[in-house]
Amino acid sequence: GTPVEEAVIDAGLDFDPGQAYEILVTGGGDDLEATITGTDLRPLAQGQARLRVINASPDAGAFDVGIAGDEENLFEGIDFRDATDYVVLDAGDYSLEVRPGGEDMTVALQSDATLEEGVTYDLVALGRPDDQTLTLLALTAPVAIQTGDVATPEAASDDAAIAETVVPEAIEDVEASPTPAG
C-alpha cells in the first residue's frame with residue numbers, strides 16, 4: 001500500500017456499534033474531504049420508505065429537491081457536503097426534481113425513482129450541472145417493517161385504546177425489611 005505520509009485524507013473515525021455509516025469523499029484537487037453520515041435504520045410503518053439527500057456536487061451550489069408537478073419542496077437549500085434530515089414517504093413511484101435554490105423552479109435534473117416499502121434511501125447528488133453530469137446515486141438500506149397500532153395509529157378507531165391499561169394486583173401481607181444502618 002501507499003505510505004501514511006502520502007494519504008490524501010487523514011481522519012480519525014469514531015463509530016458506534018450497531019450503527020450504519022456512509023463515508024463520502026467529496027471535492028477535488030486540494031479540497032478533498034471525508035463526509036460521514038449515519039444511516040437511519042429504525043423500523044418503518046407498513047407501506048412506507050425513508051428518504052434524504054446528500055449534496056456531493058461541488059459546483060451545484062445549494063439546491064432544492066421536490067416532486068414533479070408539486071411546487072412544494074421535499075428538501076430546501078441543500079449546500080455542498082450537507083445531508084438533509086430524513087422524510088418518510090409512501091412507497092411508490094416518484095419523479096424527483098433537483099431545482100436551483102430559492103424561488104427558481106427550473107429543473108436542473110429530473111430522475112424517476114421507485115421507493116420500496118421498508119427501505120431507507122440516501123440520494124447522493126454527484127457530478128456537475130455545467131457539463132450535464134449531475135446525477136442522483138441511490139444508496140439503500142433495508143429496514144424492518146413495524147406493523148400494528150403503534151406504527152400506524154390512524155388504523156385505530158377513535159375510541160380504541162392504543163395499548164391496554166395495566167392495573168397491578170393488590171399486594172397483601174408484605175413485611176417491610178429494615179433499612180441497614182449506615
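In this predicted model, Gln132 is exposed, with a relative accessible area of 74%. Gln132 lies in the loop between S10 and S11. The phi of Gln132 is near 60°, a positive value in a residue other than glycine. Most residues other than glycine have a negative phi. A second non-glycine residue with a positive phi is Arg81, for which the angle is about 70°. Arg81 is placed in the loop between S6 and S7. Because the relative accessibility of Arg81 is 16%, under the 20% limit, Arg81 counts as buried. Gln132 counts as exposed because its 74% is over 50%.

The protein chain as a whole contains 12 strands and zero helices. Read from the N terminus, the order of elements is therefore β-β-β-β-β-β-β-β-β-β-β-β. Of the 182 residues in the protein chain, 29% are buried. The exposed area of the protein chain is about 12,000 Å², and 47% of this area comes from carbon and sulfur atoms. Among contacts between residues at least 6 apart in sequence, 55% join residues that are at least 24 apart.

One open sheet consists of four strands in the order S6-S5-S8-S9, with antiparallel pairing. Its edge strands are strand S6 (73-78) and strand S9 (109-115), each of which pairs on one side only. On average, and with direction ignored, neighbouring strands of this sheet are turned by 20° against each other. Strands of a sheet pair through backbone hydrogen bonds, either parallel or antiparallel. Strand S5 (residues 63-67) runs antiparallel to S8 and is joined to S8 by five bridges. Within this pairing, Asp64 has Arg99 of S8 as its bridge partner, and Gly66 has Glu97 of S8. The antiparallel pairing of S8 with S9 extends over seven bridges. Gly92 is placed opposite Leu115 of S9.

Ser95 belongs to strand S8 (residues 92-100). With a relative accessibility of 17%, Ser95 falls under the 20% limit and so counts as buried. The side chain of Ser95 makes a polar contact of 3.2 Å with the side chain of Asp112. Beyond residues up to four places away in sequence, Ser95 touches Gly66, Ile67, Ala68, Gln110, Ser111 and Asp112. In a regular strand the side chains alternate between the two faces of the sheet.

Ala68, one of the residues touched by Ser95, is located in the loop between S5 and S6. The relative accessibility of Ala68 is 31%, between the limits of 20% and 50%, so Ala68 counts as partly exposed. When neighbours within four places in sequence are left aside, Ala68 is in contact with Ser95, Glu97, Arg99 and Gln110. Glu97 is also the bridge partner of Gly66, and Arg99 that of Asp64. Ala68 and Asp112 are 44 residues apart in sequence, and their C-alpha atoms are 9.6 Å apart in space.

Another open sheet has four strands in the order S7-S4-S10-S11, and here the pairing is mixed. At the edges stand strand S7 (87-90) and strand S11 (135-142). Each of these edge strands has a single partner strand, so one side of each is left without a neighbour in the sheet. The average turn between neighbouring strands of this sheet is 30°, direction ignored. Strand S4 (residues 48-55) pairs with strand S10 (residues 119-126) in the parallel sense, over six bridges. In this pairing, Asn55 stands opposite Ala125 of S10.

For aromatic rings, the count comes to one pair. This pair is formed by Phe15 and Tyr21 and is tilted, with 4.7 Å from centre to centre and 55° between the planes. The pair is classed as tilted because its angle lies between the limits of 30 and 60 degrees. Phe15 has a relative accessible area of 40% and is partly exposed. Tyr21, with a relative accessible area of 27%, is partly exposed as well.

Notes: Residues numbered from 1 in each chain as written. Predicted model: local features only at pLDDT ≥ 70, side-chain atom pairs only at ≥ 80, totals over all residues. Heavy atoms only, no water. Helix = DSSP H or I, 4+ residues; strand = E, 2+ residues; numbered from the N terminus. Buried < 20%, exposed > 50% of the residue type's maximum accessible area, 1.4 Å probe, protein only. Polar contact = N/O pair within 3.5 Å; in protein donor to acceptor, adjacent residues only side chain to side chain. Contact = heavy atoms within 4.5 Å. Areas by Shrake-Rupley, 256 points an atom, 1.4 Å probe, with all protein chains shown as cover. Phe/Tyr/Trp six-rings, centres within 6.5 Å; stacked < 30°, edge-to-face > 60°. Pairing = 2+ DSSP bridges. Axes fitted to C-alpha atoms, helices over the stretch in contact; angles between N-to-C directions.
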